[in-house]
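Visitor: Mind walking me through this one? I'd like to hear the reasoning along with the numbers.

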Amino acid sequence: MRRTLIAGNWKMNGSFSANRALLTDIIAGLPDGNSIETLVCAPAPYLAQCAEVLGKTPVKWGAQDVSAHIKGAFTGEVSATMLADCQCKYVIVGHSERRAYHAESNELVAQKVVQALSEKLTPVVCVGETLEQREGGATNAIVGAQLQVVLDVLSAEQVSEIVLAYEPVWAIGTGKTATPQMAQDVHAFLRGQLSVKSAEAANTVRILYGGSMKPENAKELLAMADIDGGLIGGAALKAADFLAIISAC
Ligand code: PEP
């Protein structure tokens, strides 16, 4: 049984005062007996604030990126050790915005996954195709190649430690969502690819859907057999919407 994970990706949004208000509202509004694993991925400068505000709550916090290097002369980078120091449990790796705006290759993403795991952080590994690639019938080839480079650097045991996120690039921040069946088809494909490496990982690894998930469409998406949660951008910035998605699980 895979535990549903609802993860917010705040992207480059927030301030000390806005974060405190958002987190306080999320904590106060969590449903009684909530069994959904809840996570917020904040910008690096706010991770210590997350630790302070969320430390005694069931809500976990994580980062949006991690360096592929251990330490040293890498100005501006944040290491996995530093994220662990901020008591992060998760880190998003290979988000399409990093792939597009920071030219992150599949190989670099794989190195980041290795670094995250070395500090016992769970990497949320993002894969997804552009609209052009989908229309060209290349979706499975693209997401399959993105995942395979990561699988190639991990042992079967390590694969069981990751979370995957299928995020069609054309659905991120656009208001366009993949239909539940479109998303399910890709999730099933990814799970099949995991099974070649490890039957155990195929059963246990959670595959999140991300791309304009909101209260209105979350229930249908999360009802699909291979959709184990959501990675949520815009709707994670409003407590009411984030909580409504958690309630839809
Ligand atoms: C994201 O950034 O990971 C994302 C899914 O964004 P949005 O929900 O805004 O499409």
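What follows is a short chat about the fold, a helix or two and the ligand site of this predicted model.

Visitor: How many helices and strands does the protein have, and how does its radius of gyration sit against the globule rule?

Guide: The secondary structure adds up to 12 helices and 8 strands. For 249 residues the globule rule gives 18 Å, and the protein is close to that, so it is as compact as a globular protein of that length. The radius of gyration itself is 17 Å.

Visitor: What share of the contacts joins residues 24 or more positions apart?

Guide: Start with the outline: along the principal axes, the C-alpha atoms fill a box of roughly 45 × 45 × 35 Å. Inside the protein, 51% of the 249 residues are buried. Now take the contacts with a separation of 6 or more: the share from residues 24 or more positions apart is 73%.

Visitor: And how much of the exposed area comes from carbon and sulfur atoms?

Guide: The protein exposes about 11100 Å² in total. Of that, carbon and sulfur atoms supply 55%.

Visitor: Is Asn19 buried or exposed?

Guide: Asn19 sits in helix H1, which runs over residues 16-29. Leaving out residues up to four places away in sequence, Asn19 touches Trp10, Gly14, Tyr46 and Gln49. Its relative accessible area is 2%, and the cut-off for buried is under 20%, so Asn19 counts as buried.

Visitor: Which strands help cover the buried residues of H12?

Guide: Helix H12 spans residues 239-248, and its buried residues are Ala239, Phe242, Leu243, Ile245, Ile246 and Ala248. Their cover includes helices H1 and H11 (215-222). The strands included in that cover are E1 (5-9), E2 (37-41) and E8 (229-232).

Visitor: On to the ligand. How much of its accessible area does the protein cover?

Guide: Backbone atoms come right up to the ligand's oxygen atoms: a polar one of Ser212 is 2.8 Å from one, and a backbone N or O atom of Gly233 is also 2.8 Å from an oxygen atom. For Gly234, the backbone distance to a ligand oxygen atom is 2.9 Å. On its own the ligand has 290 Å² of accessible area, and the protein covers 96%.

Visitor: How many residues of the shell around the ligand are polar?

Guide: The ligand is surrounded by 14 residues, with Lys11, Glu167, Gly173, Ser212 and Gly233 the closest. Sorting the shell by type gives 4 nonpolar and 2 charged residues. The polar residues number 8.

How values were computed: Residues numbered from 1 in each chain as written. Predicted model: local features only at pLDDT ≥ 70, side-chain atom pairs only at ≥ 80, totals over all residues. Heavy atoms only, no water. Near = heavy atom within 4 Å. Polar contact = N/O pair within 3.5 Å; in protein donor to acceptor, adjacent residues only side chain to side chain. Areas by Shrake-Rupley, 256 points an atom, 1.4 Å probe, with all protein chains shown as cover. Nonpolar A, V, L, I, M, F, W, Y, C, P; charged D, E, K, R; others polar. Helix = DSSP H or I, 4+ residues; strand = E, 2+ residues; numbered from the N terminus. Rg over C-alpha atoms; globule rule 2.2 N^0.38 Å. Buried < 20%, exposed > 50% of the residue type's maximum accessible area, 1.4 Å probe, protein only. Contact = heavy atoms within 4.5 Å.
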